[in-house]
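Here are my notes for you, set out as numbered points. Please keep the viewer open as you go, so that each residue can be looked up in turn.

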Amino acid sequence: MKNAIILGASSGIGAELAGLLVADGYKVAITGRREELLKNISANNPEKIFYSTFDVRETKNLESALDNLKEKLGGCHLLIISAGTGDINQDLDFEIEKVIIDTNVSGFTCAADWAFRYFQQQGYGHLAAISSVAGIRGYHGAPAYNASKAYQISYLEGLKQKARKIKLPITVTDLRPGFVNTKMAKGEKQFWVSSPEKAASQIYAAIKRKKKVAYITKRWQLVGRLLRIMPSSIYERM
């Protein structure tokens with residue numbers, strides 16, 4: 001049986017992914033901050049889904065928590081980082097920015113490093129992380145969020161390069177959603193909004209195909225290309 005850990009699975013995309021993985025023969029450990037939600041998800045299939053409640057921002061305890069999950073599973077073949085946060089912050093309130101940085105940068109890095117080291121020791125494995133189309137350019141309404149997603153995109157690229165350098169079958173998948181109908185979706189002028197179910201389905205399809213980069217939903221690849229080529233003189237006026 002294949003084993004997977006999903007960080008940030010109490011609701012939304014992470015919760016949907018847990019169901020897809022179990023249906024495909026995985027035993028899954030799910031994590032998050034909201035114990036009651038995790039408990040309810042586990043109760044649907046307690047033999048194949050178990051949970052652990054912790055916050056990825058608590059990096060001092062994160063590695064030991066992941067070690068415990070790996071031992072309970074009997075190993076780990078796939079780790080999905082779905083934990084993340086973001087908020088509109090027009091007033092540049094540092095407390096808002098700090099929560100984003102602690103989650104999307106510090107927590108993300110700690111979890112990604114743990115996974116890569118473990119897969120390196122094991123000789124194989126798959127790290128998948130949900131970044132965002134937002135990581136391609138900055139945004140005046142949420143500077144820390146977009147910057148944190150840019151960090152994730154760059155960090156994952158570095159890990160892909162590292163896996164190639166050490167010549168081990170460690171897959172790193174960068175998943176870049178656009179707007180998904182969850183509590184994370186904030187701000188005006190949202191378009192092409194996907195349901196969590198559709199987003200999770202496309203995410204899992206990309207993971208199964210071991211894609212290096214996938215846009216969710218697929219049409220967001222067009223936006224990604226446009227953002228990359230748009231001159232700064234035009235983008236800054238938006």
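The points below go through one helix, the aromatic pairs, the cysteines and a few single residues.

1. A word on the source before anything else: this is a predicted model. Please read every distance and accessibility below as a value computed from that predicted model.

2. Let us begin with helix α7, which spans residues 220-229. Its buried residues are W220, V223, G224 and L227. Those four cover an arc of only 100° around the axis, so they fall on the same side of α7. On the other side of the helix, L222 and I229 are exposed. If you want to see what lies over the buried residues, the cover includes strand β7 (213-216) and helix α8 (232-235).

3. How many aromatic pairs does a search of the whole structure find? The search gives six. One of them joins W114 and Y118, and this pair is stacked because the ring centres are 5.5 Å apart with the planes at 10°. Both residues belong to helix α4 (residues 94-122), where they are four residues apart, about one turn of the helix. W114 has a relative accessible area of 4% and is buried; Y118 is buried too, with a value of 13%.

4. The pair formed by F179 and W220 deserves its own look. Here the ring centres are 5.5 Å apart and the planes stand at 80°, so the pair is edge-to-face. F179 sits in the loop between β6 (170-177) and α6 (196-208), while W220 is in helix α7, so the pair ties together parts that are 41 residues apart in sequence. Is F179 buried, partly exposed or exposed? With a relative accessible area of 22%, F179 is partly exposed, since the buried class ends under 20%. W220, which we met on the buried side of α7, has a relative accessibility of 5%.

5. Two further ring features are worth a click. F108, Y151 and Y155 are linked by ring pairs into a cluster. Elsewhere, the charged end of R137 sits over the ring of Y235, at 4.5 Å from the ring centre.

6. Now the cysteines. How many disulfides does the count come to? The count is zero. For C76, the closest cysteine sulfur is that of C110, and at 15 Å it is too far for a bond. Looking from C110, the nearest cysteine sulfur is that of C76, and C110 is in no disulfide. Both cysteines are away from the surface by the accessibility criterion: C76 is buried at 0% relative accessibility, and C110 is buried with a relative accessible area of 14%.

7. Helix α5 (residues 143-166) holds S148, and Q152 is also found in α5. S148 counts as buried because its relative accessibility is 1%. Its side chain makes a polar contact of 3.1 Å with the side chain of N104. Beyond neighbours within four places in sequence, S148 is in contact with I100, N104 and V105.

8. Q152 makes a good companion to that point. It counts as buried, at 1% relative accessibility. A polar contact of 3.2 Å joins the side chain of Q152 to that of K149. Setting aside neighbours within four places in sequence, the contacts of Q152 are N104, F108, I130 and S131. N104 therefore turns up in the contact lists of both S148 and Q152, and F108 is a member of the ring cluster with Y151 and Y155.

9. I would close with K212, in the loop between α6 and β7. Is K212 buried or exposed? It is exposed, with a relative accessible area of 52%, as the exposed class starts over 50%. Even so, K212 touches K160, R164, V172, T173 and D174, not counting residues up to four places away in sequence. The C-alpha atoms of K212 and I234 lie 30 Å apart in space, for residues 22 apart in sequence.

Technical notes: Residues numbered from 1 in each chain as written. Predicted model: local features only at pLDDT ≥ 70, side-chain atom pairs only at ≥ 80, totals over all residues. Heavy atoms only, no water. Buried < 20%, exposed > 50% of the residue type's maximum accessible area, 1.4 Å probe, protein only. Helix = DSSP H or I, 4+ residues; strand = E, 2+ residues; numbered from the N terminus. Arc of directions from axis to C-beta. Contact = heavy atoms within 4.5 Å. Polar contact = N/O pair within 3.5 Å; in protein donor to acceptor, adjacent residues only side chain to side chain. Disulfide = S-S within 2.5 Å. Phe/Tyr/Trp six-rings, centres within 6.5 Å; stacked < 30°, edge-to-face > 60°. Lys NZ or Arg CZ within 6 Å of the ring centre and 35° of its normal.
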